[in-house]
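Student: Please take one part of this model and go through it closely, then set it against other parts of the chain. I would like the contacts spelled out residue by residue.

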Amino acid sequence: MINDRAGGKVTASILNVGGTNPYKLVIKSTSTGANNAITLSSIGTGTALTDLGLNTVANHLQTATDASFVYNGVTINRSSNTVSDLVSGLSLTLNKEQTDATTNTTVAITQDWTNITTNLKSLVSGYNDLMTKLKSATTYDTTAKTAGTFQGVSQVNSLSSAIRKEVLSVDSKGRGLSDYGLSMDSKGVLSFNSATFDAKVAANPADIKDYFQGSTTYSSTSYNGSAVAAGALSIGSSAFSINGKAITLTTGASSTTADNLAAIKTAINNAGLSGITASIGTNNNIVLKGTAGADIVIKGDTTALASLGLAANNVYSSPTIKDGIFSTFNSIMNGYVNTTDGTLTQYNTSLTTLKTALTTSRATAVSRLDTKYNAMATKFAAYDSMISKLNNEFSSLSTIIKQSMTSKS
């Protein structure tokens, strides 16, 4: 009944512990963590908890708690002993409780390149196999006087050219596959030297990632305000914000322009804006600068912003994407084989269309030939009948002539 009504959040089972009363009812939550604690109670004045031994403290085997640990000085709590959202790409499993609070555990994290090495070997094997098949399908054998299935087909020829060109290419930094252990011999066969690749990994793993995977960099941002006047400034929390951070400041009536500029600069820099700093420009104005990837979004009351020499504005950092060699290969292949408008997909469609047209044309031609054959057969039958009749008449005439010649003689 418990299993039927608990909705999968709690499970009940029977445990045989032996002895005089061997069977025990065990109830546990299916998920871990403090939020999944089980609360038991009897309805009204019932004695179900007592009857089942569920209110006996000794029978409470384990209390629902969160896993708690300190990571780089910060206390972390999770509902599970498996933590996969602490560091990107990393999964930690907490195996046992630490009883000594003064003892630290140092975890060394290194990049596993084994899978990449395996994939590079697979890339080399796939490349060589593909190029061998493309060569066989597109060349003409002068000795055997035979042509490949796709000999002279530009769509297929261009594929091998595009792939070979990319394998031999260098990027804007002068890097090529040969720098990472992939080289091509005079016969066009690609090979992989794992020692060269491993040396590159050891020397500069970031370069490996940049070359093969690519990178995205962001531009810095800046905003130049207009001139700030002297006099009192009173900016409340709802009047001015940058990137959602409210900025407040107050200056007196006797404040000079320099005083106001200094106060605005200090208020902005003390607001805790990530990647944004304020400085004083050469035109008695405030200059905002953002590091790469930091947007500048200014909001607030128009009058209040004007007193600061500012205006509502959005200055966004723009990304620059550099494709890695894998992305480039993927784009090349996708351009040929994607199911919508790939070059080979369109070629396949054209062949299918041509086949349909030729099949239809052949059926039409056969039908016409059959019709013509039937007409000719009818005519031949009529001609044969006429010839047979003429032959009979000629035979009769010949007989009459012969008889006439015989009687005269």
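Tutor: Ser160 is in contact with Met131 and Leu134, leaving aside its neighbours within four places in sequence. The model is a predicted one, and Ser160 sits in helix α4, which covers residues 154-168. Ser160 counts as buried because its relative accessibility is 12%, and the cut-off for buried is under 20%. A polar atom of the Ser160 side chain lies 2.9 Å from the backbone oxygen of Asn157.

Thr221 can be described along the lines used for Ser160. Thr221 belongs to strand β12, residues 221-227. With a relative accessibility of 5%, Thr221 also falls under the 20% limit and therefore counts as buried. The side chain of Thr221 has a polar atom 2.6 Å from the backbone oxygen of Ala294. Ala294 is also among the residues that Thr221 touches beyond four places in sequence; the others are Leu288, Lys289, Gly290, Thr291, Ile296, Val315, Tyr316 and Ser317.

One of those contacts, Leu288, leads to the nonpolar interior. Leu288, together with Phe240 and Ile268, has the most contacts inside the largest nonpolar core, a set of 27 residues. Two or more residues of this core come from each of β13 (233-235), β14 (240-242), α7 (257-269), β17 (276-280), β18 (285-290), β19 (296-300) and α8 (302-307). Helix α7 gives the most, with 4 residues. In soluble globular proteins, nonpolar side chains tend to be buried together.

Phe240 shows what such a position looks like in detail. Not counting residues up to four places away in sequence, Phe240 touches Ile235, Lys245, Ala246, Ile247, Ile268, Ile298, Lys299, Gly300, Leu305, Leu308 and Leu310. Ile268 thus appears both in this contact list and among the residues with the most contacts inside the core. A second core, separate from this one, has 26 residues, including Trp113, Leu120, Phe192 and Ile332.

Nonpolar residues are also found at the surface. Ile2, Ile14, Tyr23, Leu25 and Leu52 make a nonpolar surface patch of about 520 Å². Ile2 is found in helix α1, residues 2-5. The relative accessible area of Ile2 is 34%, so Ile2 is partly exposed, a class that lies between the 20% limit for buried and the 50% limit for exposed. To return to the starting point, Ser160 is buried at 12%, whereas Ile2 is partly exposed.

Definitions and conventions:
Residues are numbered from 1 along each chain as its sequence is written. This is a predicted model: local features need pLDDT of at least 70, side-chain atom pairs count only at pLDDT 80 or more; totals for chains, interfaces and linings use all residues. Side-chain values use heavy atoms; hydrogens and water are left out. A nonpolar core is a set of buried Ala, Val, Leu, Ile, Met, Phe, Trp, Tyr and Cys residues joined through side-chain atoms within 4.5 Å. Buried means under 20% relative accessible area, exposed over 50%, partly exposed in between (1.4 Å probe, protein chains only). Contact means heavy atoms within 4.5 Å. Patches are made of residues with over 30% relative accessible area and no salt bridge: like charges are joined within 9 Å, nonpolar side chains (Val, Leu, Ile, Met, Phe, Trp, Tyr) within 5 Å. Accessible areas come from the Shrake-Rupley method with a 1.4 Å probe; for residues, only the protein chains shown count as cover. A salt bridge is a side-chain nitrogen of Lys or Arg within 4 Å of a carboxyl oxygen of Asp or Glu. A polar contact is a pair of N or O atoms within 3.5 Å; within protein, one must be able to donate a hydrogen and the other to accept it, and residues adjacent in sequence count only if both atoms are side-chain atoms.
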